[in-house]
Every structure is written in structure tokens, then in C-alpha cells.
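Here is a friendly walk through a few packing details. Have a look at the sequence and the fold before reading on.

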Number of protein chains: 2
Amino acid sequence: MPFRQSNQKTEEDMFRHYRANNVLKGLAATPYDLTKEENLSEARIEKYCAQAGDFKLLFATERVNDDVLFALKELAHEAHLIEKMEAMQRGDVINKIIGYESENRRVLHTAMRDLFMHQNPAEAASEAAKAAKKECDKLKNFLNKVDGKGTFTDIIQIGIGGSDLGPRALYIALKAYQKPDRNAHFISNVDPDDAVRVLKRVDLKKTLVVVVSKSGTTLETLTNEEFVRSKYKEAGLKPEMHFIAVTGEGSPMDNPDKYLASFYIWDYIGGRYSATSMVGGVTLSFALGFDEYMNILKGAHEMDRLALEKDFSRNLPLISAMLGIWNRNFLHYTTLAVLPYSQALLRFPAHLQQCDMESNGKRIDKLGNSVDFDTGPILWGEPGTNGQHSFYQCIHQGTNIVPIEFIGFRENQYSEDINVKGTTSQEKLLANLFAQAIALATGQKNDNPNKVFPGNRPSSILLAKKLDPYTMGALLAYYEHKIAFQGFCWNINSFDQEGVQLGKVLANKILDHIGARRQGKKPDKFPQAEAMLRHLDSL
Amino acid sequence: MPFRQSNQKTEEDMFRHYRANNVLKGLAATPYDLTKEENLSEARIEKYCAQAGDFKLLFATERVNDDVLFALKELAHEAHLIEKMEAMQRGDVINKIIGYESENRRVLHTAMRDLFMHQNPAEAASEAAKAAKKECDKLKNFLNKVDGKGTFTDIIQIGIGGSDLGPRALYIALKAYQKPDRNAHFISNVDPDDAVRVLKRVDLKKTLVVVVSKSGTTLETLTNEEFVRSKYKEAGLKPEMHFIAVTGEGSPMDNPDKYLASFYIWDYIGGRYSATSMVGGVTLSFALGFDEYMNILKGAHEMDRLALEKDFSRNLPLISAMLGIWNRNFLHYTTLAVLPYSQALLRFPAHLQQCDMESNGKRIDKLGNSVDFDTGPILWGEPGTNGQHSFYQCIHQGTNIVPIEFIGFRENQYSEDINVKGTTSQEKLLANLFAQAIALATGQKNDNPNKVFPGNRPSSILLAKKLDPYTMGALLAYYEHKIAFQGFCWNINSFDQEGVQLGKVLANKILDHIGARRQGKKPDKFPQAEAMLRHLDSL
């Protein structure tokens, strides 16, 4: 075991040592009362709003006042959040635990979209951007060939976790921008029914298959790849004329004989931050066209630059991060609901669930100390207005308070709408969003206890004009940076995922056990698994 | 305001007054330590299992011992949970708040499937079952005619909340049992893009549209109905030859001139408990065939009877309910994750999120008193193994403990599978499920603090043989009854949803405001909404 390195600077960086922390603790004793007559005023809603890029963040319905906002800004300053964002974007090795064996990697998903104006001059960032550009160029050429032949109408992405959730959420979000006669499908689960279902929907002859695994060793992905390859062979087709690899250079999957094309990713791209690398690039470009994919990257890039903005009032992901810290560490709420009022964002909360919970669901800080405060919340959500007819009962009148991040757009994606009873559906959608934020904040008194709404249930509203590829890219990066800022503030490592290892090790042990059982042996290595398997057998 | 009625019996029924409650509080001070060597033994896993019907519930990985289980059983007894379930199933008026204006309704979703052996003899239940049978017969005849003509290949269900989530979850779960060339689609959100997307996928000529609203007044549903009707008219088709109504008798939608067929639901069927009424029946029967729909009802009916079982060790939904009470009220966990190891159950957690959170997200008891304990948790979840590559980091190493209900099946739905490295995909799926339950429970010690897993993170595992229509029906009812038992135990009304009213009222106020703005008026009735709308305008 390596010796712990002394590192005075980092000690000072510890969350509980910040002075603003004490101020905020004091302020949290009497948080702003949104239920009091006139306290959620027109003037407050007017004022508690930040605008930057194409976004507005409304936070009048959070339980904050000027003192809290000032202290949160101070906390961001004390914790050097902008400097840490700069360090990340220039390619410092920030994915590490000091004094212990850890990944020791750069974190450069921002370089994947640093392809436009004002490029980051730092060497590591610049090299990574160059490498990303090369893959984009390769992809563009590849797609031109595919388009020229006109053979392929469908693409299946085989990947899991970060190689699935982000690309899938973006594909669903941007279906309105899809090229005609182009469809994407996703296989992720090792449940064999997942692959069977998808394969029923496609004509293999006309289908590309992109297999995504950075390590080239992901159990689910390799199993599903073999399954789909076997179907190609059964159909008398050559898999190597259909399969594309997205993997790390030198991984077991980096094998040109097996793939029509290969695209690279690197160890500085975490799976959950990889939607704007080739992990998302191949499928999104195929389905939406290369230019729309570039628009996603442009939007993300603009948000990357906004995250470096030193003026707190313009740095939207930073404000959102600090409001989250207030709700999590000072008002002590366990969960966070992200509720987009846009059906297109149906699976965006599932992506954010990974991005946030895998990044910040940690219990030690970057020095290896157990933290004595709460880190990443449990993030969940469904689109509105659907959720209003589902779990909103609980968020209005349940016994636990759920902070909410609403997301809304001024315009819908398709140009079609209908006017019923004097308003359009899009207006109804937005009226409901605003109504919920106000209702949760102000609550309602009533003589009938069942009609009482306690109120003081905090929310923020992120608004943009329209969910197009550019805005989607920016929205994706907005959350990536919000999450990174919170991790920086807690001084945890948001970029590893040691917590997924133990389950993998035990699953492999059980698979060995099952293998031995199958060969008629009576294995005794894993008695707990044996007991569970016996229960299964007796069904 | 009505006077509070004195009701000694009900007072005694209050959660905090149960004697077992004090015992459990004491036991919760030192819950069973699953991390201790040998504490999660083969014998424990063997023993802590309940079997009934086609299900097994494994709970060795919960933090319980014999004392806790005994006290939970006592609590169930003291709280008269079986008697309350009997009262529900026989049709007592249990949807009420005593002494205040409330819905005052029976709760008879169980009658919807009480069509087979051993029917409930109680008059109200029997009448409801007769009425349900009549609708089923109407549906069967209607489908025979549809089948005979061979005109229709697709069905669109327009509904929201309970008229959407349950039927949708079941349809997705049972796609493997779908009739050839039959597809179902769902429109729920008032977001106009939701309807546009679905309409792009179907040929209106060959499509039925079932509109579902008990009241016949649901904003989203009526708006979407008008939108889809307008598309039929534009295409020169007669909506009344395609549209089907599922609604309450005498509702504004109960109008034979507008619909090809109408099916009834009643005020004793809550939306979130309506999947086995005509709300789910029309679409599921069209897509799967009437016989498979009957199999869903049969499975649900078997579980309804199991929920009346007085032998605690065989009443699976009751055991699950009490384990949930232990985790919620004595170990004080805020959320509950339902993690099915079956891709087919992709949207089942979203259905349960509604069913649980809308039923039990309450803050007053049935006497109108504010509760001083926690009621329904925040329920969320995604299928495994997908989640393992997403939020499992947080559930293993995050700072909040998340109780988990795993669901697994011995066999997959399709007969296809692949053997890679000596095991099938289905075996890999189950090995991962068991590995996760064990890893969460036992944790792991390590010199590297980042590789430490604290363990003692509780879970249960529900196992069945195969997710077929019968098992799906039983699984649906299992959760319905688990939720009802918990509501009975807390003495809250699980069957109303007053908490959704305020948002509706404010949304309508904002819509009036938008309407006035549109006519060039400067409305001043809702200044907060005006400020939000101005922010939107400036985007």
C-alpha cells in the first residue's frame, strides 16, 4: 500500500473547511419562505434569472435569497471551481485519488468538440482535439461512401452504460431532425430478449452495426456482438461488411479484419461523457447527417466555453451546481428530479441518472478520506406533463421534499400544433410547467387537510428556444459541467467508477460456478450463489 | 367545514399507536449486520424465502432477523392488514377521509379480474365483476368483428397517467406475445410533438384509436384526441369509423355518434389501478389477442387471492409491504429502486412510480391528521444489467442507502439465446442479479479507500419462471397489493390524488392569462405567470 502523500493545498480544498460553508449552514436554519404572501413576487421572478447563450435559468422558486446566493458564489470562489474547470478543459490529470492507486487520467471530453473557434491552446487539450478532428474527418468520409452506395437504412448500436444512454437519449431527442429513411436501434442489455427484439425490426442486409466498448472487453457488449454476428452469418451475410468498431487503440476490438471501419476513443473520455465522441458520433451522424452532428458539437462547445465564464451571473452550469449544493448539503434533500416538459427528452433523465450518479455517487474525497457530508443525489425524472398524472402527488404532498429542475422550450420541434379552447398545445405545455413551479413553491392553505399543499418545495426552470441539435448539445454539456462543478466543490473524483467493480467480480465468480454446475460438478466455492441458484431451479 | 367525527376504532388504527411499532424501533437500533463474516450464509438464503403461486421472494439480503420478521408480522396483524384487504376486495367504501369532503368511493380493481373460479360473493364486488364481464364480452365481440374484417393493423391509445403507464408498460413487457402484424402506439403528452411522432409511424386507414379518460375531461387527452381527429378528417377518413372510447358512463365522451365502440369504466377503478380494466383491455387485447389478455387477468386474479392469504409466510405482497415499512419507517430510507433484470420490463418501474407515489405520497391520515412518520418512498428504477453501467456506482458507494427490489426470471421470453464462454446470456443476466444483491449486502474491505464497499445495503429478489401474460398480470397485482398494504398500515387513503389539483387549477389560470395576452389585453391577474412568460418571450 502506497504512503499517503502530504498535500497541503488539497487539504485546504476540503469541502467542510470552506468558510462560506459555515455561512450557508447558518442561513439554512431559516431558508427563504416561498409560501408567505408576496414572497414569490413578480419582481423576484424577474430578478432571479440568469441568461447566457441561448438559455435562461429561472431560480425564483428556489429557497434562496441574496445572502444565500452571495454565499454560494463565495463558496464557488473559495473552492476554485472555475480554476478546476480550466484545469479539466486544458487536460490536467484530475481523474485520480492522491496517495492511492487510481486511474490517473486526464478528462478531456470537452476536447471532442473543441473543433471550432477559440480553441483551447493547452498542449494536452489541443492534441486531444486534433485526434478528435481526425476521427470526425474519417467519419465524414465513411458516411459519404455509405451515402453514395445508398445500401444502408438502419444502424444498430451495441453498447451499454455510457456507450448507450447518451447516444440513445440524443437520438430520441432529435428524431425530428432525422434523415428520411434512416433509423437507429440500440442493444444494450445482456438479457438475450433485448437483441432478439431489435433484430425483429431490421433488415440485416441494409443494416450497419456499430459496436462500442472503450476497453473492448465489456461482457454485455461482446456477448451481444457475437449474437448479432451469428445472425449475419446465418443470413449468409458477411459481418465484416456491416460491423463498425468504436474502441480504444490497441484494444481487443481494434481489429480491421473484423470491421468495415474503426473509430477511436481514448482513456481521457469517460463513458458517461462520451456522447460527443465517436461513441455517439457514428450513430447520430448516420441518423441525422454529419452536419447536424456538428451542430450538436457546436452547441456543446459553446456551453464548454460558458462554463469557463468568470462572471458567476452568466455561468449557468455553475449557478445550477451551486443551487444543487444548497439543496443537497444545506437543506439536506436526498434526491433530484429532472423534469423536461418535452416528450423528446423522454430518455434524457436516464442519461443524466448515469452521468450524475456515476460521477458523484462517491463516499471518499480525492485524498481518500471518507466524506462526512452528502455527495451526488439520487437523480430521476420523466417528461411533463406526463409526470403530473403520475408521481406529482408525492412531490406536492408526500413526506419528502424533492428539488426539481424543470426544462422547457418556447417552441416545439415539429411545426404542427393545434389550438383547442383558445390556446395551442405548446402553450398548454408551458402553462403547466410554470403552474407546477408556482404551486410547489407557494403551496395552498385550506380547511380540508387533504387540500392543503405545504409549499416551499424548491425548483428551477431552464428555458431555451427550441430543442434543435445545437441546443441539445449545449444542454448535454450544461449538465456535464454542472455535475463536474459539484464534484469539484465536494473535492471528490467525479471521473472514476470503482463502485461498479465488486459486482462484476462476483458475477464472474457466479458464472464460473454455473459453468461448473453445468458440467455436473458440485461446486462449493460460492455457497451463497449456490443457495440462490437452487431457489431458481425449484421454480 | 364539517365537524370531525369521533371514531375510536380508527384512532386505534393509527400507525404510531401500534405496539409492534415500539418493538421495531428498538430493533432498528442494531439492524442485522450483513457485512459480518458468515452472516449472509447459505442457510440464511435458503431460509429467508417465501414461495406462493409461481413466485419466490428472497429476502436474506434485507437487514432483518427473526425478531424483526416476527414484529413485522405482528404489526401486520395489529394493523388489520388482511381485514382491510378483504374490505377492499369486497367493495367497502375505503377511498375516503373521515370527517372531511372526500371521494367516498369503493376500490374495486380486483373485481375487474374476478371472472374465474372462486368469485368474491360480496354484493358490491359481485356486481362490479358482472359489469366487468359484460365489458369483456363486448370487447371480445368487437375484436371478432375487427379480426374478421382484417382492416386494422395498428392501434393508438390516447390517454395519460393511469390511462397510459400501465397499459404501455404491459404492452412493452409482452411484445414477445404480440399477434403478427399488430402494433400498439401511445400518445400521452400535451406536447404536440408526441402526437406528431406517433402519427408519422402509422397508416391512418389501418389504425384504430382508443381514447381513454374516465371523466371524459382530461385536458391532455381531449387535446390529443382533437389533434388526431383533425388528421383523420384531413386524410378524408371518418373518425367515427376508427375511434373507440373508454370512459365513464354519462361522461362527455360517452357519445356513440362519435365512436365506433365505447367501453365503460367506473369510479371505483382508480387510473393507476386500471390496467386490467378496459383502460388496458382494448389495446392489450388488440395487440396480443383476447385470450392472452384473459391470461393477464387470470394471473392478476391469482395474486388477488394470494393477497387475502392469512398465512403471513405465503402472502408475498404482504411480506414485501412489511419489508418496505421496515426500510422506510425504521431504517429511514427515502427512496426505493425497482430493478427488473428483464429488458421487457423497461417501463414497468415508470408504472410503479405512478402506482406507488400517487397512492402513498400522502401527508395526512384517514382522519385528516398530519402524519408524523414517512409515507410512500420515491420509487425509481431501470432494468439490469443496464443500470449496473449507470447508477449502481451510487447505490454501492454513494452517501445515501437505496433499498432495492430486484425482479428476475428463470427463462427469457424468446427461445433464442447464445452461449459465450460457457454460459448463456440468460445465465449471465441472473448471475449479475445475484452478484449485485450479495455485493450490496456484504460489501468489501480494502486498503485502498476507493475500493471499499460499505455493504449493508438492503435488497430483496422476486423470482418467477418466465415473464408471460399470466405472470405479468400476477406481478402487476403483486405491486398493487404491496402498495395497498402499506397504505393500510400507515392508515392513509391510497386511492385519491388531491395533490394533483392545485397544479391543474393554476395551469388553467395561466392559460386564461395567455388567452387574454393573445387578444392583445394586458392581463394583470397572475403577475408571477406574467413574469415567467416575459422571460420566455425574450428568448
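Helix axes here are lines fitted to C-alpha atoms over the stretch in contact, and angles run from 0 to 180 degrees between N-to-C directions. Do keep in mind that this is a predicted model.

With that in hand, take chain B, where helix α10 (residues 278-288) and helix α11 (residues 290-306) pack at about 125 degrees with their axes 6 Å apart. Angles of 65 to 115 degrees count as roughly perpendicular and those over 145 as roughly antiparallel, so α10(B) and α11(B) are oblique to each other. From α10(B), B:Gly281, B:Leu284, B:Ser285 and B:Leu288 meet B:Phe290, B:Glu292, B:Tyr293 and B:Ile296 of α11(B).

A second helix pair joins two chains: helix α17 (residues 501-518) of chain A and helix α15 (residues 425-442) of chain B come within 8 Å, crossing at roughly 130 degrees. They too are therefore oblique, and their crossing is right-handed. Among the contact residues are A:Leu506, A:Ile510 and A:Ile514 of α17(A), along with B:Ala431, B:Phe434 and B:Ile438 of α15(B).

The residues of the two contacts divide as follows.

| Contact | Nonpolar | Polar | Charged |
|---|---|---|---|
| α10(B) with α11(B) | 5 residues | 2 residues | 1 residue |
| α17(A) with α15(B) | 11 residues | 3 residues | 2 residues |

Now for some strands. In chain A, β3 (residues 154-158) and β4 (residues 183-187) pair in the parallel sense over 5 bridges. Which residue of β4(A) stands opposite A:Gln157? That partner is A:Phe186. Together with helix α7 (residues 165-173) of chain A, β3(A) and β4(A) make a right-handed β-α-β unit.

Methods. Residues are numbered from 1 along each chain as its sequence is written. Chains are lettered from A and ligands numbered from 1 in the order in which they are written. This is a predicted model: local features need pLDDT of at least 70, side-chain atom pairs count only at pLDDT 80 or more; totals for chains, interfaces and linings use all residues. Helices (H or I, at least four residues) and strands (E, at least two) are DSSP runs, numbered from the N terminus. Angles under 35 degrees count as roughly parallel, over 145 as roughly antiparallel, 65 to 115 as roughly perpendicular and the rest as oblique. A crossing is left-handed if the near helix is turned anticlockwise from the far one by less than a right angle, and right-handed if clockwise. Two residues are in contact if their C-beta atoms, placed from the backbone, lie within 7 Å. Ala, Val, Leu, Ile, Met, Phe, Trp, Tyr, Cys and Pro count as nonpolar, Asp, Glu, Lys and Arg as charged, and the others, Gly among them, as polar. Two strands pair if DSSP finds at least two bridges between them. A crossover is right-handed if, with the strands pointing away from the viewer, the path from the first strand over the helix to the second runs clockwise.
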